[in-house]
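Hi everyone, thanks for coming. I'd like to walk you through a structure that most of you haven't met yet, so stop me whenever something is unclear.

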Protein chains: 4
Amino acid sequence: MMLFILRNDSSTLREKIKESSASYKFLDLYGKKLALVWPDEEAEKINDDSIEMKVKTKKPYILASNEWKKEPTKVSVKDVEIGGEKIVVAAGPCAVESEEQVETVAKAVRRAGASLLRGGAFKPRTSPYSFQGLGEGGLKILRKVSDEVGLPIVTEIMDARDLPLFKQYDIDMLQIGARNAQNFTLLKEVGKFGKPVLLKRGMANTVEEWLQSAEYLLSEGNGNVVLCERGIRTFEKATRFTLDIGGMVAAKMMTHLPMCADPSHPAGKRELVHSLALASVAAGADMLIIEVHPNPEKALSDSEQQLTPESFEVLMNRIKALANALGRSA
Amino acid sequence: MMLFILRNDSSTLREKIKESSASYKFLDLYGKKLALVWPDEEAEKINDDSIEMKVKTKKPYILASNEWKKEPTKVSVKDVEIGGEKIVVAAGPCAVESEEQVETVAKAVRRAGASLLRGGAFKPRTSPYSFQGLGEGGLKILRKVSDEVGLPIVTEIMDARDLPLFKQYDIDMLQIGARNAQNFTLLKEVGKFGKPVLLKRGMANTVEEWLQSAEYLLSEGNGNVVLCERGIRTFEKATRFTLDIGGMVAAKMMTHLPMCADPSHPAGKRELVHSLALASVAAGADMLIIEVHPNPEKALSDSEQQLTPESFEVLMNRIKALANALGRSA
Amino acid sequence: MMLFILRNDSSTLREKIKESSASYKFLDLYGKKLALVWPDEEAEKINDDSIEMKVKTKKPYILASNEWKKEPTKVSVKDVEIGGEKIVVAAGPCAVESEEQVETVAKAVRRAGASLLRGGAFKPRTSPYSFQGLGEGGLKILRKVSDEVGLPIVTEIMDARDLPLFKQYDIDMLQIGARNAQNFTLLKEVGKFGKPVLLKRGMANTVEEWLQSAEYLLSEGNGNVVLCERGIRTFEKATRFTLDIGGMVAAKMMTHLPMCADPSHPAGKRELVHSLALASVAAGADMLIIEVHPNPEKALSDSEQQLTPESFEVLMNRIKALANALGRSA
Amino acid sequence: MMLFILRNDSSTLREKIKESSASYKFLDLYGKKLALVWPDEEAEKINDDSIEMKVKTKKPYILASNEWKKEPTKVSVKDVEIGGEKIVVAAGPCAVESEEQVETVAKAVRRAGASLLRGGAFKPRTSPYSFQGLGEGGLKILRKVSDEVGLPIVTEIMDARDLPLFKQYDIDMLQIGARNAQNFTLLKEVGKFGKPVLLKRGMANTVEEWLQSAEYLLSEGNGNVVLCERGIRTFEKATRFTLDIGGMVAAKMMTHLPMCADPSHPAGKRELVHSLALASVAAGADMLIIEVHPNPEKALSDSEQQLTPESFEVLMNRIKALANALGRSA
């Protein structure tokens, strides 16, 4: 696999590539004109003045790699910048249940220092008999509360057929969940859609596979991708999943994309969320996504891992102190 | 969760359930009228003459469970019966590459004793730069060769938006792959579509989660589901995945659905496929799905794990001998 | 790492090696004079007429590898040969509880076709408050019943300090348990002790690490080693451990040592033991080790996975039928 | 299982217990007279004035549990207190190679703020051909440098037969390695030996099993136990092991014993050690154990994960800043 970084779009180069027996893809990414050409033997034969640099990799991903793009990518969700000095916290309920619920939480988390509002309208549930989310109604509530409270939204998309709804309600950031982390048709469509994406790691995906899933998004020209570690499946059952902080750090060394950690899902229990959130920040996470519910005991899903607004506020203060000690802010 | 097995459809029962505060679902399955009602407290209050039996479960699935349906389910794919005395073998290439390729393999595997033709037209690939399958063209080839050679087809569906194509080419059995094992919107749509389904276990799914994925299909009224163990993700890298034969046996003790094993994907290497296939049969698999390619070295995907037609014939003979020793046939 | 296979012991070679800056080890194994010499750069410089062949490997084990010893090793435990055409079954209780118990089981399993008697005198238990075995008393019972019934014994050693007892009671085959699979001081001592060894795979050991543990035994000159797959730790909890049949087959392709499978520990439940035993045989196991108790419900350990003598007899008959179908016997 | 906390040693109670059909164990721990009695039915029948409190548990461990001992245990290694407000750092080379090497590192890590000196004299190595440590010579060097530099020592014991050497060189803290975490005979002997213990979690042990291994030490009357998380085996290979920070936090919620984290082994690579160390501190670790080598590239073992003294100093400064932000010191 070779990446040609181009000085300019060049029809002569396009011709040369098309005439070769190489596979190829042209795209614009991060303000650069790029061409992906493979296999290497063919790519090496192609030369043209428009080629500024050829980057060759043995890795199974290249656009997501920091081999060609050294500076860290900053992803903007409206006025919120992810990947900079400030650690961005997205907070809100696991599932959107009602306007009142979302509004209460949104105001509380905003007050405590969250920058984004999270909440599920479409919920992937292991059992067909569990609450599956409010669907379009949930998006509507999120949009309304977001406009009112002033926090951009991140919410999950499970099916490419719902993209028109995500457009209609102008959803600010689309989350791809762990169970869809290798739903390649969804990845392609969300890549084309173009809005910022929070891409969760599949619970059995290696770091390398996770970056290849990101590559699906980037190769459609969408570079606004934040990677989110949310726990992997291991033999240990004292926690719901094993938050792979080492994997997150390893990924950060391999990519230019910002890293998010989700301490709520692996914790499974409220008491563990604080420690995992702080550990993620200390390890270098650029973003956290945390479940907060006005009344966790009555939540329609994941009731045991959602924080109360009060507990979230305590956590935010600890995150801020920690961020300062690390030379960042939150 | 309670399952009401009904003597007959009864509008009075429907009324009672609707008036209660219970959640519910009516469906026809295996020639029975059924109602699912939950939670238990509410379901217990509902009584009606039309109810033949109430089955209560603490498991997170019920339709897939053998608590209410003791006799094993037999799934018919055209004239091929899966789950009976005969061990059914589906064979064919990993990916459909050309009509000639499929035809050559189909004839060879038929001669050797396969009952179904497998082959991927839509291929889920970890990398966006890998061969993604011929798509509709692949379905067309499969249909044509199937009609010619007389083997029903099983092939993977990755996106519900492709269902019209699966209808158009009258695909006999739809495979849901490991990476989509918890793609719940796809499961629902394939459940409604009604054709027989081969449901692979996700590489990080527990047996219980696998049965819940089957429950998504069954709760849409589609009982023609075969469960397929294809290897789980573990720390061991001497094989590509760890074929969980114990998990397959455990599943068989929990469900009435037939069990399939895929020895090709976990093996990763040709040399291991025979042993894993034989082990699966000895452990009680009702079906095997095996990758066979006329020229494995030149295959566009998974070249290292596809058998040659000759090797497949040797394997079929060993499977037949083993099946006989177990009081079955193949 | 290089292995020199020698024509004869040669003092000039010994001199050359000692004078070099290489690390080395001389040993007799399988009737051959051998020298291990490393690193490769140094080993390559050494030449002598006594060297029949130099075998170079990049693997982290060599004596256990089939790169230098192509023919499969047969391990003799008294008159029982493991690794030949016949599948050898060791059976008996998890723990030795009383002479009567062991005698009853021993007679029953012998009648059914077992060739070896298993039973634990020293028991590794997760909890300090669980029954830890009868210790020396257990060895005494095993010896007595073995002599009476005519089945050689295989029993676990947990501590090198107990070797004199194993010598005193002339234990026929020493088992190294999964929890001691990387207890390297124990491996070395048992290697020196010289009796046949049944080496279990650690529950988190890769196939490669397992072969390196065997290398500890072989490099002390003890080539009578049988490798035993007993299940690995994975996320799946429907079975106690995941019997890694693919790992056993992969190991068999890498080594000349015979392979044993333990279907009892991974099963955890009696109902699964049959299927896992048959699967192991079909995959090519040379030996099985199965827990049988005269009254499993009253067993002092692992009561849920021990077979009754009656169930064991049924299993033996199925194993024999399967073995025949595979061109072997049992 | 029941724990009787006694007002005083009472011969009448001892009599009652001995006459019952219960199993039991008397011991002194943390200045308390205790009796363990089981099963519960028998323990409930026993009453005596000397019993201050009966603590009943359903967990498979009790002495290690915080159900009976609410206040956190502080373990003193000479004048170093582990489990208090200060985060204790043990640092030093993976393996003791020479007096000069250890002395150089000891002085450097002391200067940077380490409180304990680590270094392996007995090395558990996967391959029999790897450097196995200097043995007694290593203990001698550690003792000498420790006395000179003023840092107490923590070093690994692999075999109970070496305890006299650990006594002779007056080793301050004994480490039990991951591969011996379920070497129950070693655990018992080290429990009896009485010196403070650093108990690593086995790479495939659940948190519950880890606490049961600690229970082996405590039930011999040795309460000076620090638990050390060092990474578990998972499918992910981007790091050497998966540091299970969630498991460490979960354990901390279940026990009164202090928690240590080893960021070096799971990292595998130097670049990851800092992030994992900081994450562990943020998650609540009371102690860290970090590999530092004067010249990592030339190290005889684990060369890729050992820090230089300079890098260690940078890390210590970051740890101190983080500790302050958390209301602790380092």
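I'll talk about how the chains touch, then about salt bridges, and finish with two loop residues.

One thing before we start: this is a predicted model. Please keep that in mind throughout.

Okay, let's begin with chain D and chain A. How many residues does each chain bring to the contact? It's 34 from chain D and 34 from chain A. Putting the two together buries about 2500 Å², and 77% of that is on carbon and sulfur atoms.

So what about charges across that interface? There are two salt bridges between chain D and chain A. One of them pairs D:R201 with A:E236, and the closest N and O atoms there are 2.6 Å apart. On top of that, have a look at polar contacts: four residue pairs between chain D and chain A make one, with both partners at pLDDT 80 or more.

Which elements of chain D give two or more residues to the side touching chain A? Those are α8 (245-254), α10 (270-283) and α11 (309-325). Of these, α10(D) contributes the most, with eight residues. And if you sort the residues on that side of chain D by type, you get 21 nonpolar, eight polar and five charged.

Now turn to chain B and chain D. Here four residues of chain B are in contact with four of chain D. The pair buries about 340 Å² between them, with 74% on carbon and sulfur atoms. Which residues of chain B lose the most area to chain D? They are B:R233, B:F235 and B:K237, and together they make up 94% of what that side buries.

How many salt bridges cross from chain B to chain D? Zero. There are two residue pairs in polar contact, though, again with both at pLDDT 80 or more. By type, the chain B side that touches chain D splits into one nonpolar, one polar and two charged residues.

A quick word on symmetry. In general, two copies of a chain are related by a rotation about an axis and a shift along it. For chain B and chain D, the rotation is 180° and the shift is 0.0 Å, and the superposition has an RMSD of 0.0 Å. That is what a two-fold axis looks like. Within chain B, the C-alpha nearest that axis belongs to B:F235, at 2.0 Å. And both copies use the same surface: 100% of the contact residues of chain B recur in chain D.

Next, salt bridges inside a chain. Over all chains, the structure holds 104 of them. As a reminder, side chains of opposite charge can pair when their charged atoms come close.

I picked a few in chain A. A:E291 and A:R118 meet in a salt bridge at 3.9 Å, N to O. This pair links distant parts of the chain: A:E291 sits in strand β14 and A:R118 in strand β8, 173 residues apart. Are they buried or exposed? Both A:E291 and A:R118 are buried.

Then there's A:R201 with A:E229, whose closest N and O atoms are 2.8 Å apart. A:R201 lies in the loop between β11 and α7, while A:E229 is in strand β12, so this pair ties together parts that are 28 residues apart in sequence. A:R201 counts as buried, at 1% relative accessibility, and A:E229 is buried at 1% too.

A third example is A:D159 with A:R161, at 2.7 Å between the closest N and O atoms. In this case A:D159 is buried, with 8% relative accessible area, whereas A:R161 is partly exposed at 34%. There's also a network of salt bridges linking A:K78, A:R143, A:D147 and A:D172.

Last stop: two loop residues in chain D. D:E220 is in the loop between α7 (207-218) and β12 (225-229), and it is partly exposed because its relative accessibility is 23%. Beyond its sequence neighbours within four places, D:E220 contacts D:K25, D:K188, D:G191 and D:K192.

The other one is D:G194, in the loop between α6 (184-193) and β11 (197-200). D:G194 is partly exposed as well, at 36%. Setting aside residues up to four places away in sequence, D:G194 touches D:N222 and D:N224.

That's my tour. Happy to take questions!

Definitions and conventions:
Residues are numbered from 1 along each chain as its sequence is written. Chains are lettered from A and ligands numbered from 1 in the order in which they are written. This is a predicted model: local features need pLDDT of at least 70, side-chain atom pairs count only at pLDDT 80 or more; totals for chains, interfaces and linings use all residues. Side-chain values use heavy atoms; hydrogens and water are left out. Contact means heavy atoms within 4.5 Å. Buried area is the accessible area (1.4 Å probe) that two parts lose on being put together, summed over both. A salt bridge is a side-chain nitrogen of Lys or Arg within 4 Å of a carboxyl oxygen of Asp or Glu. A polar contact is a pair of N or O atoms within 3.5 Å; within protein, one must be able to donate a hydrogen and the other to accept it, and residues adjacent in sequence count only if both atoms are side-chain atoms. Helices (H or I, at least four residues) and strands (E, at least two) are DSSP runs, numbered from the N terminus. Ala, Val, Leu, Ile, Met, Phe, Trp, Tyr, Cys and Pro count as nonpolar, Asp, Glu, Lys and Arg as charged, and the others, Gly among them, as polar. Copies are superposed by least squares on the C-alpha atoms of residues with pLDDT of at least 70 in both. Buried means under 20% relative accessible area, exposed over 50%, partly exposed in between (1.4 Å probe, protein chains only).
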